[in-house]
Amino acid sequence: ISLYSGKEIMAAKSENFKPTITKSQKEKLIRLADKYETKDFLKEDPSQFLYYYNTPQDIELCSFIAALLSFGSRKQFIPKIQYIMSLADNCGGIYNWLLTHAFENEFKVSNNKKFYRFYSYRDFYYLFSKLSDIIQIEKSFGIFLHGKYVEELNNGNSEINLIDIISDYFSSCSIVPSTKTSAKKRLCMFLRWMVRPGSPVDIGLWTWYSPDALLIPLDVHVLEEAKKLKLIPPNAGGTRKTCEEITKIARTIFVNDPCKLDFALFGLGVDK
């Protein structure tokens with residue numbers, strides 16, 4: 001009879017696990033990243049909303065909202081994002097829609113009816129109100145976050161990641177992931193969109209943040225393909241720790257641009 005439980009055995013295996021990546025695997029992942037990081041990626045992906053507007057102020061807000069809604073079935077969440085943008089278009093864009101509180105015509109604090117999955121109209125009211133407060137003070141969402149980031153650096157917190165600054169500020173909004181163990185996949189994806197330059201997919205507006213500091217958006221495809229390639233332990237969960245482990249390996253393949261691996265793993269998972 002084993003003296004150890006299944007969980008203890010798996011934990012021991014995880015502790016002894018060392019990622020293996022051969023030269024041929026590395027070359028394959030580079031080829032896959034180049035294969036999937038093209039304009040065609042935008043067609044059915046929420047990243048298409050990066051190009052819905054032309055002005056940085058609108059792009060940042062539209063992208064943030066799109067990223068937060070990007071979970072579950074694409075056939076369900078993409079129409080929801082399109083619906084919000086169609087409402088905003090009546091005000092000349094998402095920036096003005098939020099700035100003037102026109103969102104209150106549709107999203108009311110008293111309405112607890114579900115808008116998408118387990119999030120209600122009330123939940124979105126709080127999110128939109130928070131964004132409105134930001135752009136009442138600052139010229140744009142990006143300028144606001146840049147200020148918060150610089151503030152952290154000036155306080156000696158050089159290791160702070162921008163996803164944590166965002167989740168801390170929006171901790172009162174249930175739609176924004178905030179737990180410390182969460183991989184915060186939607187926030188990681190949003191930052192990938194905003195930060196990575198020279199990409200046919202990501203728009204790279206925020207030159208003040210380093211692409212090397214980005215964490216890979218850990219969705220189910222990325223997680224499973226990383227396990228198959230033995231980049232992470234077979235029992236690894238969708239946690240912040242796993243996200244950081246994959247990103248660390250990604251930096252050895254795509255130096256200074258770890259999120260490029262996202263395209264290889266995600267594309268491989270979707271494309272079977």
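User: Is the crossing of H3 and H6 left-handed or right-handed?
Analyst: In this predicted model, the axes of H3 (residues 56-69) and H6 (residues 121-137) come within 12 Å. The handedness of the crossing of H3 and H6 is right-handed.

User: How are H3 and H6 oriented to each other, roughly parallel or roughly antiparallel?
Analyst: The axes of H3 and H6 cross at roughly 155°. Angles over 145 degrees count as roughly antiparallel, so H3 relative to H6 is roughly antiparallel.

User: Which residues in H6 do Leu-61, Phe-64, Ile-65, Leu-68 and Leu-69 in H3 meet, and how many nonpolar residues has the contact?
Analyst: The H3 residues meet Phe-124, Leu-127, Phe-128, Leu-131 and Ile-135 in H6. By class, the contact of H3 with H6 has no polar and no charged residues, and its nonpolar residues number ten.

User: Which helix gives the largest share of the largest nonpolar core?
Analyst: The largest nonpolar core has 93 residues, and Phe-64, Ile-84, Ile-94 and Trp-97 touch the most other members. The largest share of this core is nine residues, and it comes from helix H3.

User: Which residues does Ile-94 touch, not counting those up to four places away in sequence?
Analyst: Ile-94 is one of the residues that touch the most other members of the largest nonpolar core. With residues up to four places away in sequence not counted, Ile-94 touches Tyr-53, Asp-58, Leu-61, Cys-62, Ile-65, Ile-84, Met-85 and Ala-88.

User: Is Lys-248 buried or exposed?
Analyst: Lys-248 is found in helix H11 (residues 240-253). Its relative accessible area is 62%. Over 50% counts as exposed, so Lys-248 is exposed.

Definitions and conventions: Residues numbered from 1 in each chain as written. Predicted model: local features only at pLDDT ≥ 70, side-chain atom pairs only at ≥ 80, totals over all residues. Heavy atoms only, no water. Core = buried A, V, L, I, M, F, W, Y, C linked by side-chain atoms within 4.5 Å. Buried < 20%, exposed > 50% of the residue type's maximum accessible area, 1.4 Å probe, protein only. Helix = DSSP H or I, 4+ residues; strand = E, 2+ residues; numbered from the N terminus. Contact = heavy atoms within 4.5 Å. Axes fitted to C-alpha atoms, helices over the stretch in contact; angles between N-to-C directions. Parallel < 35°, antiparallel > 145°, perpendicular 65-115°, else oblique. Left-handed = near helix turned anticlockwise from the far one by under 90°. Nonpolar A, V, L, I, M, F, W, Y, C, P; charged D, E, K, R; others polar.
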